Amino acid sequence: FAKNNLSINEYLFAGKRVSFGLLAPSIFTSWVWVTTIVGSGEAGFRFGISGGLSYSLGAGLAFAAFAAIIVKIKRLMPEGVTVMDFVGVRFTPFLKDVYYIFAMLVVIYIVVEQSAGIALVFNGLFHVSFKKIAFLTVILCGGYAVWRGMRGVLYNELINFFLISVGILAFAFIILQKFDIETLHDGLRSVACDPSNRNYNPQAMNLLSKSGMMYAFSAVLIALGQLLTDPAYYMKAYIARDEKTVVRAFLAGGFICWMPAAMISSFVLGYVALSQNIDLSQAINLSIAISTNALTNNFGIEAELMFAFLVFCIGCTSIIHCLIGVQSLFTLDFYKNKLNYGATEAEKLKFGKIVALLIALLCALISISLEKVSLLTIDIFSGIFFAAPCGVILIGIWSKKVLGNVAWVSIAMGIAAGFIMWITTDDWELNYFLGIAVSFFVPLLFLSFVSFFSGSRFNFKKLLFFRPQ
């Protein structure tokens with residue numbers, strides 16, 4: 001750790017010379033969520049052989065697309081630190097404030113979901129207090145992020161990269177010692193061919209099932225919404241040694257390494273549950289029930305402890321990633337521009353740390369109330385909500401026209417249309433798919449239409465010569 005960790009350049013930017021060896025593991029561990037493990041298992045359980053592929057391919061392709069988008073934004077605006085800088089100059093200062101709200105909400109959503117996922121797993125395996133685990137996890141992570149800064153976050157993620165990678169492989173090895181490939185295949189075939197099977201699904205053996213393909217498409221849009229509004233990824237791209245490092249690290253960590261982790265989890269959790277013909281129709285959190293039931297019914301305490309430790313490492317790295325990102329927003333921009341224009345570095349750092357701890361406390365308090373709330377419902381709601389801002393960023397890159405205030409109008413239209421579609425569609429497989437798709441495409445199409453008729457051209461030199469205040 002640098003001795004001068006009291007400067008913004010060291011505390012938040014880690015010297016701005018971060019190498020591939022630190023950045024790629026950081027991207028991998030921050031993109032592997034608790035729901036990557038248990039959620040991919042649920043996808044395999046719900047949709048059969050197409051489920052794991054749809055989940056991993058959808059979110060993996062979204063990250064690859066995000067890598068291209070973030071590089072394009074960096075080329076347009078080399079000194080921009082976050083997406084708020086981009087939308088503030090490309091559109092209006094008001095829209096920048098709107099994206100502050102989206103950034104805070106996506107951080108709260110991710111932190112809350114990770115802590116709730118950890119607590120649900122510990123509660124399901126060991127019957128410990130959900131509320132205590134959820135609360136203490138967030139507080140522990142918040143304290144670490146504020147204490148050590150970006151360099152500490154990167155080293156923590158490097159250590160956890162090895163722990164998580166080895167943990168996933170070891171967990172899969174243990175599972176496959178008892179449930180071999182033939183057993184899993186026979187279980188899937190029973191689900192697809194036997195109407196008396198509790199989880200009967202005629203499409204379970206269809207690699208390109210309709211449900212699976214809709215899920216894959218939804219996974220792309222959900223992931224893009226989460227990525228494009230998460231401030232920490234922009235920070236990590238900003239602190240990289242050069243553009244080549246950004247491209248290689250983002251693709252290696254978020255696509256090449258991440259996809260196998262999700263597919264393995266779907267294989268060893270979702271298909272094991274199907275092969276056991278378990279009835280989980282009454283489970284509030286199906287993804288958690290799949291993993292905990294498979295372990296408690298078939299394995300000893302050693303496997304349960306290994307899985308719990310794996311989930312804890314995964315959830316904590318994602319939480320710390322989010323909290324250092326939101327801390328950067330309030331340190332670099334908000335305090336000086338909104339509250340104290342003449343603020344010193346020490347004052348800005350202090351304010352950012354206080355806000356990060358307060359947000360961690362808020363997330364901890366929200367987490368303890370989610371014991372009986374479905375994580376799938378939270379995912380669908382957030383997917384619709386965060387899909388809408390994507391179109392504005394994409395149009396801001398693609399269009400040459402001045403769009404101004406119509407941008408925030410398009411976001412409001414997308415969110416409203418998405419939730420209306422979700423609520424009014426009866427089919428559960430179709431409602432979330434249509435809701436997310438409508439929320440994503442309404443702003444995109446509306447702004448494309450306005451751009452076509454707009455006569456004023458935007459001066460992109462404003463982005464090129466932007467300098468943080």
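1. Starting with how the chain comes together: among contacts between residues at least 6 apart in sequence, 84% join residues at least 24 apart. Keep in mind that this is a predicted model. As for secondary structure, the protein has 19 helices and 0 strands. The radius of gyration is 22 Å, close to the 23 Å that the globule rule gives for 469 residues, so the protein is as compact as a globular protein of that length. Along the principal axes, the C-alpha atoms fill a box of roughly 65 × 55 × 40 Å.

2. On to the interior. Of the 469 residues, 59% count as buried. The largest nonpolar core takes in 170 residues, and Phe-66, Phe-250, Phe-307 and Ile-393 are the ones with the most contacts inside it. Helix 6, running over residues 93-126, supplies the largest share of this core, with 20 residues.

3. Ile-393 is a good place to click if you want to look around that core. Which residues does Ile-393 touch, leaving aside its neighbours within four places in sequence? The list is Ile-69, Ile-73, Val-83, Phe-86, Val-87, Tyr-99, Leu-228 and Tyr-234. One of these, Tyr-99, falls within the 93-126 stretch of helix 6.

4. Now the holes. How many cavities of 30 Å³ or more does the model have? The count comes to 2. The largest has a volume of about 70 Å³, while about 40 Å³ of space lies in the second largest. The general idea behind such a search is that rolling a probe the size of a water molecule over the atoms shows where empty space is left.

5. The largest cavity is lined by Ile-70, Ile-73, Lys-74, Met-77, Gly-80, Val-81, Thr-82, Phe-86, Tyr-234, Ala-237 and Tyr-238. Helix 4 (49-76) and helix 10 (231-238) are the elements that give two or more residues to this lining. By class, the lining has 8 nonpolar, 2 polar and 1 charged residues, and Lys-74 is the charged one. There is a link back to point 3: Ile-73, Phe-86 and Tyr-234 line this cavity and are also in contact with Ile-393.

6. The second largest cavity has Ile-37, Ile-168, Phe-171, Ile-264, Ser-265, Val-268, Leu-269 and Leu-310 around it. Two or more lining residues come from each of helix 7 (130-178) and helix 12 (258-275). Which of the elements gives the largest share of this lining? Helix 12 does, with 4 residues. By class there are 7 nonpolar residues, 1 polar and no charged ones; the polar residue is Ser-265.

7. Two backbone spots deserve a look. For background, most residues other than glycine have a negative phi. Lys-16, although not a glycine, has a positive phi of about 60°. Where is Lys-16 found? In the loop between helix 1 (8-11) and helix 2 (20-31). Lys-16 is partly exposed, with a relative accessible area of 28%.

8. His-127 is the other spot. Phi of His-127 is near 60°, a positive value in a residue other than glycine. This residue lies in the loop between helix 6 and helix 7. Is His-127 buried or exposed? The relative accessible area of His-127 is 69%, so the residue counts as exposed, for which the cut-off is over 50%. Of the two helices on either side of His-127, helix 6 gives the largest share of the core from point 2, and helix 7 gives two or more residues to the lining of the second largest cavity.

How values were computed. Residues numbered from 1 in each chain as written. Predicted model: local features only at pLDDT ≥ 70, side-chain atom pairs only at ≥ 80, totals over all residues. Heavy atoms only, no water. Core = buried A, V, L, I, M, F, W, Y, C linked by side-chain atoms within 4.5 Å. Buried < 20%, exposed > 50% of the residue type's maximum accessible area, 1.4 Å probe, protein only. Contact = heavy atoms within 4.5 Å. 1 Å grid on protein atoms, 1.4 Å probe; cavity = no way out; pocket = protein on both sides within 12 Å on 5 of 7 lines; lining within 4 Å. Points joined across faces, edges and corners; volume = space filled by probe spheres on them. Rg over C-alpha atoms; globule rule 2.2 N^0.38 Å.
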